[in-house]
Every structure is written in C-alpha cells, then in structure tokens.
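Q: Could you walk me through this fold before I set anything up? I'd like to go through the strands, the helices and any odd backbone spots.

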Amino acid sequence: MAERLELVIPERRIRARVAALARRIDGDYRDKKLSLVVVLKGACIFAADLMRWITIPFTIDFIAAASYGAGTRSSGNVALSGLDGLDLAGRHVLVVEDILDTGRTSAALLDRLRLCEPANLALCTLLRKPAAAALDLPVAYAGFDIPEDFVVGYGMDFA
C-alpha cells in the first residue's frame, strides 16, 4: 500500500514565514560578521529562499549531516562531514537546518562548530518537532512547530 501524503503547511505560509525570518535575521545581525552554515541536503531549498530575503552581507558554508539512514525516524547516529577547513573564528554563525527532529544532529553539529571559536552560535530551522523543542538548543529562529509526524517536501526527502 502506498503512503498517502497530505499538505501540512501551504506554500503561501512558508513563503511568508521565510520572509519574516529573514527580516528578523537582518535586524539581529546588522553590523555583524554573519556566516550561514547550511546543513545539506535537506535545508538547501529553505536556505536558498531565506538567502534571497536576507539583505545584509553574509558568508555561506555547507556541511552534511545525516541521522535518518533509510528510515523515517532518526537513527540516533550522527554523521557529519564538510567541517574541516571552516573559518568561523570570531564570526556570528547561524546554522540553517530544515528540521529539528530529536535535536541530536544539531547538538552534535553545534558541539563541533564550537571548536571553531565563533563569536556567537545559533540555529535557524524551518520545522521543529516537540522533542527538539524540549532540548536546550540555541534556536533563535523557528519557522513552524509541527507534530512528531514524518514530513517530506521543500527539499526534505525520504532516505
């Protein structure tokens, strides 16, 4: 039996929320050295739309993080790559994520990024689930809080 997909958040709401997040980022990081660190592959569409709306200067880096494997739930094992050679010392780093599910991937990534000695480290996510919301993560910007359901679309895929 095929999975049935249903619309969770309409395009118009996503577009409006991404623009609002970018306006807040513009205000919060004005006159600061902002570096966006985009978590591939899921956050690529969200990050591209967000960057179109941000009007202040920023640098961008891409890293890869995986914890799902071939399933629909986080495996608990976090694989990170692309972190070597990042020059983030003294910069205000905003990690752009597609979804905070359990929060373990982001926690592992933040621990690793702290070794780069940024001036500040924060998260921007399109979607946040309750388990991640309960953690003490530096989420400065969250697009939508959603239930524990598995979601796809807007760059997020299955496996």
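Q: How many bridges join strand β1 to strand β2, and which way do the two run?
A: In this predicted model, strand β1, residues 34-40, is joined to strand β2, residues 58-66, by seven bridges, and the two strands run parallel. To fix the register, you can take L34, which stands opposite F58 in β2.

Q: And what holds strands together in general?
A: Strands of a sheet pair through backbone hydrogen bonds, and they do so either parallel or antiparallel.

Q: OK, what does β1 do with β4, how many bridges there?
A: Five bridges join β1 to β4, and this pair runs parallel; within it, V38 stands opposite V96 in β4. Moving on from there, β4 is joined to β5 by eight bridges, again with the strands running parallel, and L94 stands opposite A122 in β5.

Q: So what's the strand order across the sheet?
A: The order is β3-β2-β1-β4-β5-β6, which makes an open sheet of six strands, and the pairing is mixed. The edges are formed by β3, residues 79-81, and β6, residues 139-145, each of which pairs on one side only. On average, neighbouring strands of this sheet are turned by 20° against each other, if direction is ignored.

Q: Is β4 buried or exposed?
A: Buried: nine of the nine residues of β4 are buried, so the strand is largely enclosed by the rest of the structure. One residue you can look at is I99, which lies in β4 and is buried because its relative accessible area is 12%, under the 20% cut-off. The C-alpha atom of I99 is separated by 9.2 Å from that of A142, although the two residues are 43 apart along the chain.

Q: Let's do helices. Which strands does α1 lie across?
A: Helix α1, residues 11-29, lies across β1, β4, β5 and β6, and the helix runs at about 170° to β6.

Q: And α3, which of its residues are buried?
A: In helix α3, residues 104-114, the buried ones are T105, S106, L109, L110 and L113. Seen down the axis of α3, these buried residues fall within an arc of 125°, so they line one face of the helix.

Q: Why would positions spaced like that point the same way?
A: An α-helix has 3.6 residues a turn, so residues three or four places apart point the same way.

Q: What covers that face?
A: The cover over the buried residues of α3 includes β1, β2, β3, β4 and β5. The helix also belongs to a β-α-β unit, made by β4, α3 and β5, and this unit is right-handed.

Q: Switching topic: how many disulfides should I put in the topology?
A: The count comes to zero disulfides, with a pair of cysteine sulfur atoms needing to be within 2.5 Å to qualify. As for individual cysteines, C116 is buried, with a relative accessible area of 14%, and C124 is also counted as buried, at 0% relative accessibility.

Q: Any odd backbone geometry, say, where is there a cis peptide bond?
A: A cis peptide bond joins L40 and K41, where omega is about 0°, and K41 is found in the loop between β1 and α2, the latter spanning 44-53.

Q: Which residues have a positive phi without being glycine?
A: Among them are D31, with a phi of about 65°, and E117, with a phi of about 55°. D31 lies in the loop between α1 and β1, while E117 is found in the loop between α3 and β5.

Q: Why flag those at all?
A: Most residues other than glycine have a negative phi, and most peptide bonds are trans.

Q: Are D31 and E117 buried or exposed?
A: D31 counts as exposed, at 81% relative accessibility, and E117 is exposed as well, with a relative accessible area of 60%.

Q: Last one, what does the whole chain add up to?
A: The secondary structure comes to four helices and six strands, and from the N terminus on the elements run α-β-α-β-β-β-α-β-α-β. Of the 159 residues, 42% count as buried. Among contacts with a separation of 6 or more, 71% are between residues 24 or more positions apart.

Methods. Residues are numbered from 1 along each chain as its sequence is written. This is a predicted model: local features need pLDDT of at least 70, side-chain atom pairs count only at pLDDT 80 or more; totals for chains, interfaces and linings use all residues. Side-chain values use heavy atoms; hydrogens and water are left out. Two strands pair if DSSP finds at least two bridges between them. Axes are lines fitted to C-alpha atoms, for helices over the stretch in contact, and angles run from 0 to 180 degrees between N-to-C directions. Contact means heavy atoms within 4.5 Å. Buried means under 20% relative accessible area, exposed over 50%, partly exposed in between (1.4 Å probe, protein chains only). The arc is that of the directions from the helix axis to the C-beta atoms. A crossover is right-handed if, with the strands pointing away from the viewer, the path from the first strand over the helix to the second runs clockwise.
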